[in-house]
Amino acid sequence: MNDSSWGAPPQAGYWGPSDQGPVQGAAPAGPAYDAPEAQHTRPMPIVPDGPAVPRYGDDQDDDRGAARLSGPLFRDETTSAQPRAAAPQNPEPMPDAPQPAPAPQKKSAGRDLGAAIGVGVGLGAVIVASLFVVKAVFLGVIAVAVVVGLWELTSRLEERKGIKAPLVPLAVGGAAMVVAGYVRGAEGAWVAMALTALAVLVWRMTEPPEGYLKDVTAGVFAAFYVPFLATFVAMMLTADDGAFRVMTFLVLTVVSDTGAYAVGWRFGRHKLAPRISPGKTREGLLGAVSFAMVAGALCMHFLIDDGAWWQGLLLGFAVAASATLGDLGESMIKRDLGIKDMGTLLPGHGGIMDRLDSLLPTAPVVWLLLVLFVGSG
């Protein structure tokens, strides 16, 4: 079929020319057919011959639909029957479109600084008052800190690991250890430590044997870690300038922690021990060493009898190293237990053990160096 009429519809039964002559009812061929209606005709696309030609009126007939003025010929220049894709409701931004820069986040210190400073000042006032008024009162402060620290440590061990280190013999033996160190020195501290360990072994025998080994091992560790190391503070106090030795020990440890915190928070970029304590940096360690060495030189010159500034530099370096190792040691324990703080007794600080972590391992270091530098008197 090469063309089609837009005028009157063709008669039913028209199928084009036949070798038998014109079909009755078909339009005659020739000029009489072409002249008047030629302006109303349009060429149709050539359709390949097929096995069957659809009749007008069939569902597959596209001729009459193409003759309507609303057909696709008047909307665009395509003959495709596919509808246009609808425009997306929320188009995606172009890849090269400038994106707004994220707002810079303010660096957080990680704790309530107001509460931490208030609690720190309060503790410092209590310690200084007891230290320079009556030495026995300061011994009581050490004993109370030891007992509370033991309670926090044993409680966390039982909660997180199911380890039941006996608290009663640890608390009694720990307080006795502090007094023995003050009265009898290092010899008394070692004897009290041995008796406390023996008391832990015997006390645990009153319970079933399951878990005995891990319970007593944790108990002996707790006795050494908390009260035994704390006895070196009591031994410093026995010297004639004992109050100033203890003050030097406290000041250097606090200054070391403060220097590490301040420098690490402001300039820290390189992690010191990310698997143990992700917040500690090498820059913070340098800050701790610098601050402690300066404070050590000043303390040895002004507070310690017969002390020299260069001794203070060595003392400050040793304190920064031991305080950092002590902090990392307790961080290891807390990571193993899966906790952030040992307790919640001190707002802004955590628990007592979170404040003793740097002090405990630093006490024997300061005691030993002061004995070597200026003697035990």
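## Surface and overall make-up

The accessible surface of the chain comes to about 23300 Å², and 65% of that area belongs to carbon and sulfur atoms. This surface belongs to a predicted model, in which the chain has 377 residues, with 36% of them counting as buried. When contacts between residues at least 6 apart in sequence are considered, 70% of them join residues at least 24 apart.

The secondary structure of the chain comes to 10 helices and 4 strands. Read from the N terminus, the elements follow the order β-α-β-α-α-α-α-α-α-β-β-α-α-α.

## Confidence along the chain

The mean pLDDT of the chain is 79, and 69% of the residues reach 70 or more. Among the elements, helix 6 (residues 212-236) has the highest mean pLDDT, at 97, whereas helix 2 (residues 63-67) has the lowest, at 41. Over residues 1-42 the pLDDT is below 50, and this stretch has 25 contacts in the model beyond near neighbours in sequence. The pLDDT is also below 50 over residues 50-83, a stretch for which the model shows 21 contacts beyond near neighbours in sequence. Where pLDDT is low, the predicted coordinates should not be read in detail.

## The hairpin of strands 3 and 4

Strand 3, which covers residues 271-273, pairs with strand 4, which covers residues 277-281, in the antiparallel sense and over 2 bridges. One residue to look for here is Lys 271, whose bridge partner in strand 4 is Thr 281. The two strands are joined by a hairpin, with 3 residues leading from strand 3 to strand 4.

## Where strand 4 meets helix 9

Ser 277 lies in strand 4, and it is in contact with Leu 328, Ser 331 and Arg 335 once its neighbours within four places in sequence are left aside. Is Ser 277 buried or exposed? With a relative accessible area of 9%, Ser 277 is under the 20% limit, and therefore it counts as buried.

The view from the other side begins with Ser 331, which is found in helix 9. Leaving aside residues within four places in sequence, Ser 331 is in contact with Ile 276, Ser 277 and Lys 280. Ser 331 is likewise buried, with a relative accessible area of 9%.

## Two more buried positions

Helix 9 covers residues 309-337 and also holds Gly 316, a residue that is buried with a relative accessible area of 0%. Not counting residues up to four places away in sequence, Gly 316 touches Ala 292 and Met 293. Gly 316 can also be compared with Met 300, since the two are 16 residues apart in sequence and 9.8 Å apart in space, taken from C-alpha to C-alpha.

Ala 143 is found in helix 4, which covers residues 135-161. Its relative accessible area is 16%, so Ala 143 counts as buried. Along the chain, Ala 143 and Gly 174 are 31 residues apart, while in space their C-alpha atoms are separated by 7.4 Å.

## Aromatic rings and a charge over a ring

The structure holds 7 aromatic pairs. One of them is formed by Phe 224 and Phe 228, whose rings are stacked, with 5.3 Å from centre to centre and 20° between the planes. Why are Phe 224 and Phe 228 separated by about one helical turn? They are separated in this way because they are 4 residues apart in helix 6. The two residues can also be described by their accessibility: Phe 224 counts as partly exposed, at 38% relative accessibility, whereas Phe 228 is buried, with a relative accessible area of 3%.

Both rings also belong to one aromatic cluster, which is formed by Trp 190, Phe 224, Phe 228, Phe 232 and Trp 367. Elsewhere in the chain, a charged residue is placed over an aromatic ring: Arg 266 lies over the face of Phe 267, at 5.1 Å from the ring centre.

Key:
Residues are numbered from 1 along each chain as its sequence is written. This is a predicted model: local features need pLDDT of at least 70, side-chain atom pairs count only at pLDDT 80 or more; totals for chains, interfaces and linings use all residues. Side-chain values use heavy atoms; hydrogens and water are left out. Two strands pair if DSSP finds at least two bridges between them. Buried means under 20% relative accessible area, exposed over 50%, partly exposed in between (1.4 Å probe, protein chains only). Contact means heavy atoms within 4.5 Å. Accessible areas come from the Shrake-Rupley method with a 1.4 Å probe; for residues, only the protein chains shown count as cover. pLDDT is the predictor's confidence in each residue, from 0 to 100. Rings of Phe, Tyr and Trp (its six-membered ring) pair if their centres lie within 6.5 Å; planes under 30 degrees apart count as stacked, over 60 as edge-to-face and the rest as tilted. A charge sits over a ring if NZ of Lys or CZ of Arg is within 6 Å of the ring centre and within 35 degrees of the ring normal.
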